[in-house]
Amino acid sequence: MAAAQGGDRRAYERVLAASVPLIRMAARRQGVLPDAVDDVVQETLLTVHRVRHTYDPSRSYDAWISALAGRRAIDALRSQGRRGQREVHDEHAYDMHPDKDDATAATEREQEARRLREAIASLPPGQREAVEQLGLQERSLAEASEHTGRQAGALKVNLHRAMKALRSRFHGEP
């Protein structure tokens, strides 16, 4: 570190690379969760960069870096504690209630809608008509019968068969 303070760039790179295991050990010793250790490493390296001029070459570098890492680890634990009180960590909730502005969710919805339209279009004409009238346009059985000129019983049978075919196509259900 003394050479790095003198302007030796390669020495600085070597000392930072050699510091990473020490920082990791200090973070784990403080009780930082494994998925947050890398954040502590990054914060500690940034701190080293900002305060490298304060290192005293007559003292132990390992003790100096360990002290900095310990402080950053404590900061991470405090932050984690505050977040833990406010945040919900339920993966099922995230999957079931994605953000409205989430581009991935919007793309998935568009793809599902396109797949459904294609599946309906591939149905036999009678089944497709029953789905369009009763499902998509939400007409009553009597209204759909009057509009198509088909008997209500035939529409019900075609709707049932269409739903069975669509379920099978999307979910593999019989």
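## Helix 8 and its two sides

Buried here means under 20% relative accessible area. By that yardstick, A144, S145 and T148 are buried in helix 8, which covers residues 141-148 of this predicted model. Look down the axis of helix 8 and its buried residues fall within an arc of 100°, so they line one face of the helix.

What do those buried residues pack against? Their partners are helix 7 (125-136) and helix 9 (152-171). Flip to the face turned away from the buried side and you meet the exposed residues A142, E146 and H147. After helix 8 comes G149, with a positive phi near 80°.

## An aromatic cluster

Now for the rings. The structure holds 3 aromatic pairs. One of them joins Y55 and Y61 edge-to-face, with 5.6 Å centre to centre and 80° between the planes. Another brings Y61 together with W64: this pair is tilted, at 5.9 Å centre to centre and 40° between the planes. Put together, Y55, Y61 and W64 make up one aromatic cluster.

Are these residues buried or exposed? Y55 and Y61 are buried, and W64 is buried as well. Y61 and W64 both belong to helix 4 (residues 61-86), where they sit 3 residues apart, about one turn of the helix. An α-helix has 3.6 residues a turn, so residues three or four places apart point the same way.

## A charge over a ring

There's also an arginine to look at: R52 lies over the face of Y12, 5.2 Å from the ring centre.

Note on methods:
Residues numbered from 1 in each chain as written. Predicted model: local features only at pLDDT ≥ 70, side-chain atom pairs only at ≥ 80, totals over all residues. Heavy atoms only, no water. Phe/Tyr/Trp six-rings, centres within 6.5 Å; stacked < 30°, edge-to-face > 60°. Buried < 20%, exposed > 50% of the residue type's maximum accessible area, 1.4 Å probe, protein only. Helix = DSSP H or I, 4+ residues; strand = E, 2+ residues; numbered from the N terminus. Lys NZ or Arg CZ within 6 Å of the ring centre and 35° of its normal. Arc of directions from axis to C-beta. Contact = heavy atoms within 4.5 Å.
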